[in-house]
Amino acid sequence: MAHYRVTLLPGDGIGPEIMAVAVDVLKRVGQQLEIQFEFHEALMGGASIDATGNPLPAETLETCRDSDAVLLAAIGGTKWDSLPNDQRPERGLLGLRAGLGLFANLRPAQILPQLVDASTLKREVVEGVDIMVVRELTGGIYFGQPRGIFATETGEKRGVNTMVYSESEIDRIGRVAFETARKRSKRLCSVDKSNVLEVSQLWRDRITQLSQEYPDVELSHLYVDNAAMQLLRYPKQFDTIVTGNLFGDILSDAAAMLTGSIGMLPSASLGASGPGVFEPVHGSAPDIAGQDKANPIAQVLSAAMMLRYGLNEPEAANRIEQAVLKVLDQGDRTGDIMSAGMNLLGCRAMGEAIVKALD
Ligand code: IPM
Ligand code: MG
């Protein structure tokens with residue numbers, strides 16, 4: 001019997017509710033396929049600030065390092081928004097990414113036929129969209145030095161962040177992207193701002209250089225402003241997109257929204273070795289927390305991504321994904337993806353429906 005240690009980081013807001021659903025789903029699929037999960041829950045984010053004063057206690061990072069994979073829900077909330085930057089829940093997330101060396105973030109945005117009408121864009125624009133954003137996650141302006149708010153000679157304050165990428169950082173994310181594109185439809189679009197930024201010029205040069213090793217993958221380049229426009233204008237032109245940390249943050253939200261609800265989309269963050277972190281693209285939605293209204297599907301699909309990319313259990317991943325499609329086919333919907341004639345379910349009931357669909 002396969003046995004995995006999985007660290008659970010439920011975090012804040014709707015996090016605990018959607019995590020409970022994902023755990024039920026994992027347990028059920030585990031029973032079916034003889035996979036045993038040993039779950040360890042740990043503190044992170046705002047909940048952790050309240051309990052320990054630290055958004056990512058050393059103990060949590062240790063627990064994560066000792067596991068085969070980490071399943072994260074969501075962190076943050078208005079309650080902690082007024083804290084100084086270095087004490088906010090988000091710092092915990094950045095610390096986790098850095099601490100586990102998770103430089104590659106895979107964010108798929110796929111339009112399910114059942115939900116085409118949930119998109120704010122026209123059916124003919126979004127139908128059939130299937131994009132994978134490969135975002136660099138431990139470099140760029142999120143981590144570059146110097147950073148801070150400094151006083152100038154006149155006493156005026158000046159905020160500073162630095163966008164940096166070294167060749168090796170570009171190459172390793174580039175390789176993940178080319179390999180990912182290879183398993184998909186073999187088209188890779190690299191997004192940068194090389195008409196203005198030197199860091200992007202280097203990015204474009206390295207990605208172009210790397211493409212010689214992947215002659216079967218068709219490489220294109222776009223400036224980030226144009227990429228944002230093209231995502232709305234004609235998203236079907238994209239298959240795999242590779243970009244840096246900040247541009248990837250922005251474009252992955254835009255790509256996610258093509259699908260109608262960010263509540264549907266999972267992500268995987270992977271390093272060169274060690275456990276990956278699997279989490280929904282959406283945030284902690286404090287406005288609906290504790291009301292049994294959240295859509296748990298992104299969390300459930302994150303568990304499926306964990307099985308596929310983190311634990312190498314593709315059969316279990318497939319089963320979960322099929323179960324999600326089945327409940328959508330049945331017409332089950334949470335509020336965020338509700339449309340006329342469908343059955344409106346709460347978070348828990350949606351979870352029960354998915355567990356049932358597994359059988
Ligand atoms: C994301 C989030 C994070 C990011 C925040 C919460 C720090 O927006 O995962 O996309 O900017 O990376
Ligand atoms: Mg983001």
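The exercises below work through the sheet, one buried acidic residue and several salt bridges of a predicted model.

Residues are numbered from 1 along each chain as its sequence is written, and chains are lettered from A and ligands numbered from 1 in the order in which they are written. Because the model is predicted, local features need pLDDT of at least 70 and side-chain atom pairs count only at pLDDT 80 or more, while totals for chains, interfaces and linings use all residues, and side-chain values use heavy atoms, with hydrogens and water left out.

**Exercise 1. Work out the strand order of the sheet and find its edges.**

Step 1. Strands are DSSP runs of E with at least two residues, and helices are runs of H or I with at least four residues, both numbered from the N terminus; two strands pair if DSSP finds at least two bridges between them.

Step 2. Ten strands make up an open sheet of mixed pairing, and their order is β2-β1-β3-β12-β11-β4-β5-β10-β8-β9.

Step 3. The edges are β2 (35-41) and β9 (218-223), each of which has a single partner strand, so one side of each is left without a neighbour in the sheet. From one strand to the next the twist averages 25°.

**Exercise 2. Describe the surroundings of strand β5 and its pairing with β4 and β10.**

Step 1. With β4, the strand β5 runs antiparallel and is joined by seven bridges, and Leu106 has Val134 in β5 as its bridge partner.

Step 2. With β10, the strand β5 pairs in the parallel sense over four bridges, and here Val134 has Val242 as its bridge partner.

Step 3. Buried means under 20% relative accessible area, exposed over 50% and partly exposed in between, computed with a 1.4 Å probe on protein chains only. Six of the seven residues of β5 are buried, so this strand is largely enclosed by the rest of the structure.

Step 4. Helix α6 (residues 167-183) lies across β4 (104-110), β5, β8, β9 and β10, and runs at about 165° to β5; such angles run from 0 to 180 degrees between N-to-C directions, with axes fitted to C-alpha atoms, for helices over the stretch in contact.

**Exercise 3. Establish which side chain of opposite charge is nearest to Glu136 and what else surrounds Glu136.**

Step 1. Glu136 is in strand β5 (residues 130-136).

Step 2. A salt bridge is a side-chain nitrogen of Lys or Arg within 4 Å of a carboxyl oxygen of Asp or Glu. Glu136 is buried but has no salt bridge, the nearest side chain of opposite charge being Arg172, 4.3 Å away.

Step 3. A polar atom of the Glu136 side chain lies 3.3 Å from the backbone nitrogen of Thr138.

Step 4. Contact means heavy atoms within 4.5 Å, and, leaving aside residues up to four places away in sequence, Glu136 touches several residues, among them Phe103, Tyr165, Arg172 and Trp203.

**Exercise 4. Locate the partners of three salt bridges within helices and loops.**

Step 1. Glu62 and Arg65 meet in a salt bridge at 3.2 Å, N to O, and both lie in helix α3 (residues 58-65), three residues apart, about one turn of the helix.

Step 2. Arg319 and Glu315 form a salt bridge whose closest N and O atoms are 3.1 Å apart; both lie in helix α11 (residues 314-329), four residues apart.

Step 3. Glu213 and Arg175 form a salt bridge with closest N and O atoms 2.6 Å apart. Glu213 lies in the loop between α7 (198-210) and β9, and Arg175 in helix α6, so the pair ties together parts that are 38 residues apart in sequence.

Notes
Lys and Arg count as positive and Asp and Glu as negative; His and the chain ends are not counted. A polar contact is a pair of N or O atoms within 3.5 Å; within protein, one must be able to donate a hydrogen and the other to accept it, and residues adjacent in sequence count only if both atoms are side-chain atoms.
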